[in-house]
Amino acid sequence: MKLITILFLFSRLLPSLSQDMAPQEIDCNDEDVFQAVDAALKKYNARNHTGNQFVLYRVSEATKMVGTDIFYSFKYQIKEGNCSVQSGKTWQDCEYKDAQEAATGACTATVGKRRNMNFSVATQTCQITPAEGPTVRAEYTCLGCVHPIPTDSPDLEQLLKHGIEHFNNNTDHSHLFALEEVKIAQRQVVAGFNFEITYSIVQTNCSKEKFLFLTPECKSLLNSDVGECRDKVYVNIEQKIAAFSQSCDLYPGEDLVQPLPKSCPGCPQDIPADSPDLKDALDHSIRKLNAENNATFYFKIDTVKKATSQVVGGIKYVIEFTAKETECSKESNTELTANCEAKQPGQSLSCTAEVYMRLWEKKVFPTVKCQPLEMVTMMRRPPGFSPFRTVQVQETKEGTTRLLKSCEYKGQAPKAGTEPAPESEAASARLVQ
């Protein structure tokens, strides 16, 4: 996903953009509202096979929502006319029946205006009250049509959670973002459901360095970065997300760097290396290490360098330690015990462990990564030794030993065309110790 960053000046435009995406009240006399009502009433009359057509009485309220398409939601009242549904006339050609004999109705409808300027009824519910008799309820839903659904619909919860996680996992922003507001939600019935959701996001105080995912402690920051995302989701008949795409625009806030609050219950906390709270986590770590290590001998923890704990729906420990090879072989011992002494000399490992513990469920999830510590052996060098010199030993005529130094750099060949130095004590490059 490509993240588009816009200059700070353009972030001022975000409130106005948000208003365009939100439902707007419009005048009931608007021409488009009339055409939307006309489409809805014709759809209702067409579904009746007997009786008379209904005629528009008045439109009581209307809203407009602009997204991929334009949708009009409105309420209108109707009265029974004097034209039969089989007359071939439209409701505009009919007159009201006498009030004592006419049925009445109250309808709520949502109608979309497509790019080709056609109006399509998505949903409609009418309560019809006959002149004499009980009220009849009629509903219509265009199953194959895209139509708006409430932005607080429970059907959106998992989709929004998936969308936020996708954004946080696929952007290089330093902090996690949380949902701010759902602006538009649309659904289409296919072999499952297609959803189109537009929503705003806001930067939280939780940095990715310290938080793997959002927790209740992650709070939105004032004047922080904000964004707007548009997700398209296909949910199959098994109620699982089978296809997902996302497009987000990010707008920088006024204060791009804001420190974490002093009190941060969900942040990692440093704990002493000798803390008793680490005992169980260290036990699980060394057991995990020995189980996954193919070495002949068991390892034991030698030194704890650093440790943190974090409350994340349980407790997560991150521990850095060194482990030392012991004298207890896996062939002769079923497990590491306190009597297993460290080998001298023996191999040492530098390890990092993450231990996630959910004690109320008696579940522990340890992971350990280790690498060998290099063993460096220092050799005693002769006085005056230089890395540019090689040590040579030469026998004298008298049989005594002389230690010589050569100033020639190892691996450096003589230049072509040069004569070797004369073989004498003064002219040679060898110095007698």
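**Exercise 1. Find how many disulfides a search of the whole structure gives, and describe the one formed by Cys206 and Cys218.**

Solution. In this predicted model, a search of the whole structure finds six disulfides. A disulfide is a covalent bond between the sulfur atoms of two cysteines. One of the disulfides is formed by Cys206 and Cys218, whose sulfur atoms lie 2.1 Å apart, and this pair links distant parts of the chain, with Cys206 in strand β10 (residues 192-207) and Cys218 in the loop between β10 and β11 (226-235), 12 residues apart. The next step is the handedness: the torsion about the S-S bond of Cys206 and Cys218 is about -105°, so this disulfide is left-handed. Finally, both Cys206 and Cys218 are buried.

**Exercise 2. Work out whether the disulfide of Cys229 and Cys248 is left-handed or right-handed, and whether each cysteine is buried or exposed.**

Solution. Begin with the distance, which is 2.0 Å between the sulfur atoms of Cys229 and Cys248. The torsion about their S-S bond is about 110°, and therefore the disulfide is right-handed. For the second part, recall that a residue counts as buried when its relative accessible area is under 20%. Cys229 has 0% relative accessibility and so counts as buried, and Cys248, with a relative accessible area of 1%, is buried as well.

**Exercise 3. Decide which of the terms buried, partly exposed and exposed applies to Cys351 and which to Cys370.**

Solution. A disulfide joins Cys351 to Cys370, with 2.1 Å from S to S. Cys351 lies in strand β16 (residues 348-358) and Cys370 in strand β17 (residues 363-372), so the pair ties together parts that are 19 residues apart in sequence. Now compare the areas with the limits, which are under 20% for buried and over 50% for exposed, with partly exposed in between. Cys351, at 2%, is buried, whereas Cys370, at 35%, is partly exposed.

**Exercise 4. Determine which strands stand at the edges of the open sheet of six strands, and describe what lies across the sheet's strands.**

Solution. The strands of this open sheet follow the order β2-β3-β4-β5-β6-β7, with antiparallel pairing. At the edges stand β2 (24-25) and β7 (136-141), each with a single partner strand, so one side of each is left without a neighbour in the sheet. Within the sheet, strand β4 (residues 70-84) pairs with strand β5 (residues 104-113) in the antiparallel sense over 10 bridges, and Phe71 stands opposite Gly112 in β5. The last step is the helix: α3 (residues 31-47) lies across β3 (52-66), β4, β5, β6 (119-129) and β7, and runs at about 65° to β6.

How values were computed
Residues numbered from 1 in each chain as written. Predicted model: local features only at pLDDT ≥ 70, side-chain atom pairs only at ≥ 80, totals over all residues. Heavy atoms only, no water. Disulfide = S-S within 2.5 Å. Helix = DSSP H or I, 4+ residues; strand = E, 2+ residues; numbered from the N terminus. Buried < 20%, exposed > 50% of the residue type's maximum accessible area, 1.4 Å probe, protein only. Pairing = 2+ DSSP bridges. Contact = heavy atoms within 4.5 Å. Axes fitted to C-alpha atoms, helices over the stretch in contact; angles between N-to-C directions.
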